[in-house]
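This report describes the fold of a protein chain and then turns to the pairing of its strands. The sequence and the structure are shown first.

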Amino acid sequence: IAPLLQAIRDELRIGLRPLNVDSDSIQVTKDEKVSADLGQVALSIYSIDVSPAAEGGNAVLAREYSVAIGVTTRARFVPVDRRGENLYTDIGNDSIISVDEVLERVIRMIHGQPKIVQKASKLGEVMGLVYSEPLYLSRSISNPEEKGPDHFNIPDNGEGDVTYNEQDLEALYQEVVFQGAKCFQPALDFESTLD
């Protein structure tokens, strides 16, 4: 899965530059959580499902992946209206990057784009992996979810002086799920059990 996730990450880093989304804020993660030290917008790219592409004895040779891309927009960057439209959508305010705008662009950049699997195949070449079939939008969270401090990976530095109110709105989060990318491994290397 690593070459596919890396290909998605690289494509998003290029495509979201016009929205001033920092490249370091687009990361491959283990789940929806993002680092606490990122900017106004952060994207988490993670695998949610690995299934056999076909049933039977060759199931280990072909797999189908589902990938989630989560968009986190930090509430503290919105100066006045922390719970209103400025955080969700960019209507009438060009200086704020909204969760809605980023999500729409992510969908256009990933849905049905063959260049993602082409790059993943190139990255996976050293591991003998070949990807086929573009990713297609499968589902999404229809409304952004309000997230508190627990949505962020906050490193434990041993200092207990940072306190959070669990009811505080820290961010809005919305995700989209893509599926359909198939990965083929033409040969498996098994260690011999005979001596």
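Two strands are said to pair if DSSP finds at least two bridges between them. By this criterion, strand 5 (residues 130-132) pairs with strand 9 in the antiparallel sense, over three bridges. The model discussed here is predicted.

**Overall composition**

The protein chain comprises four helices and nine strands. Read from the N terminus, its elements follow the order α-β-β-β-β-α-α-α-β-β-β-β-β. Of the 195 residues in the chain, 42% are buried. The accessible surface amounts to about 10900 Å², and carbon and sulfur atoms account for 47% of it. Among contacts between residues at least 6 apart in sequence, 69% join residues at least 24 apart.

**Strand 9 and its partners**

Which residues make up strand 9, and how many of them are buried? The strand spans residues 171-184, and eleven of its 14 residues are buried, so that it is mostly covered, buried here meaning under 20% relative accessible area. Its antiparallel pairings are listed below, each with one bridge pair.

| Strand paired with strand 9 | Bridges | Residue and its partner in strand 9 |
|---|---|---|
| Strand 4 (residues 62-74) | 13 bridges | Arg-63 and Cys-183 |
| Strand 5 (residues 130-132) | three bridges | Tyr-131 and Cys-183 |
| Strand 6 (residues 136-140) | four bridges | Arg-139 and Val-177 |
| Strand 7 (residues 145-147) | three bridges | Glu-146 and Leu-172 |

Cys-183 of strand 9 thus stands opposite Arg-63 and also opposite Tyr-131.

Definitions and conventions
Residues are numbered from 1 along each chain as its sequence is written. This is a predicted model: local features need pLDDT of at least 70, side-chain atom pairs count only at pLDDT 80 or more; totals for chains, interfaces and linings use all residues. Side-chain values use heavy atoms; hydrogens and water are left out. Helices (H or I, at least four residues) and strands (E, at least two) are DSSP runs, numbered from the N terminus. Buried means under 20% relative accessible area, exposed over 50%, partly exposed in between (1.4 Å probe, protein chains only). Contact means heavy atoms within 4.5 Å. Accessible areas come from the Shrake-Rupley method with a 1.4 Å probe; for residues, only the protein chains shown count as cover.
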